[in-house]
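User: Please examine the side-chain interactions and packing of the model shown below. I would like each answer to end on the value or name requested.

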Amino acid sequence: MKQNTSKQQTWIRRISMTLAALSLMTVLAAAPAMAAERKVIGSTKAKQIALKRAGGKGRVVKCHLEYDDGTRVYDIEIRNGRHEYEIEINAYSGKVREYDHEYEDDHYDHD
């Protein structure tokens, strides 16, 4: 009877490995379709969102689509006079992920 148990365990392992392989194949086959469904918002829309976050004024001086922590994002820089904005936008949802505003005040830079 012990030999039957050993054969059963071998078959169970083979079946488990086959099911795991089939699951992986299913996921890999679905990946291109899932990726196609997730389209980026586009640089024009990303710039509009960033400009709105920066107060509606300024000039976009940089807009790059890149990966950050495994997520596609638009890295955007806007300048408006002495104001500089760095804004990171999720390329799929359009949500602002990071926002930084700096004001260049050279008033105290004079000797």
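**Salt bridges, core and surface**

User: What is the relative accessibility of R97?
Analyst: R97 counts as partly exposed, the class between buried (under 20% relative accessible area) and exposed (over 50%), with a 1.4 Å probe and protein chains only. The relative accessibility of R97 is 32%.

User: Which conventions apply to this predicted model?
Analyst: The model is predicted: local features need pLDDT of at least 70, side-chain atom pairs count only at pLDDT 80 or more, and totals for chains, interfaces and linings use all residues. Residues are numbered from 1 along each chain as its sequence is written, and side-chain values use heavy atoms, leaving out hydrogens and water.

User: Which residues are joined with R97 into one salt-bridge network?
Analyst: A salt bridge requires a side-chain nitrogen of Lys or Arg within 4 Å of a carboxyl oxygen of Asp or Glu. E88 meets this criterion with R97, their closest N and O atoms being 3.0 Å apart; E88 is buried, at 8% relative accessible area. Through shared partners, R97 is joined into one network with D68 and E88.

User: What is the N to O distance in the salt bridge between E84 and R79?
Analyst: R79 is partly exposed at 37%, and E84 is partly exposed at 23%. R79 also forms a salt bridge with E77, at 2.8 Å between the closest N and O atoms, and E77 is buried at 11%. For E84 and R79, the distance is 3.3 Å.

User: Which elements give two or more residues to the largest nonpolar core?
Analyst: A nonpolar core is a set of buried Ala, Val, Leu, Ile, Met, Phe, Trp, Tyr and Cys residues joined through side-chain atoms within 4.5 Å. The largest has 10 residues, including A46, Y74, Y85 and A91. Helices (H or I, at least four residues) and strands (E, at least two) are DSSP runs numbered from the N terminus. The elements giving two or more residues are helix 2 (43-53), strand 2 (71-80) and strand 3 (83-90).

User: What is the accessible area of the nonpolar patch that contains W11?
Analyst: W11 lies in helix 1 (residues 2-37) and is exposed, at 53% relative accessible area. Patch members have over 30% relative accessible area and no salt bridge; like charges are joined within 9 Å and nonpolar side chains (Val, Leu, Ile, Met, Phe, Trp, Tyr) within 5 Å. Areas come from the Shrake-Rupley method with a 1.4 Å probe, and for residues only the protein chains shown count as cover. Together, W11, I15, L19, L22 and M25 have an accessible area of about 560 Å².
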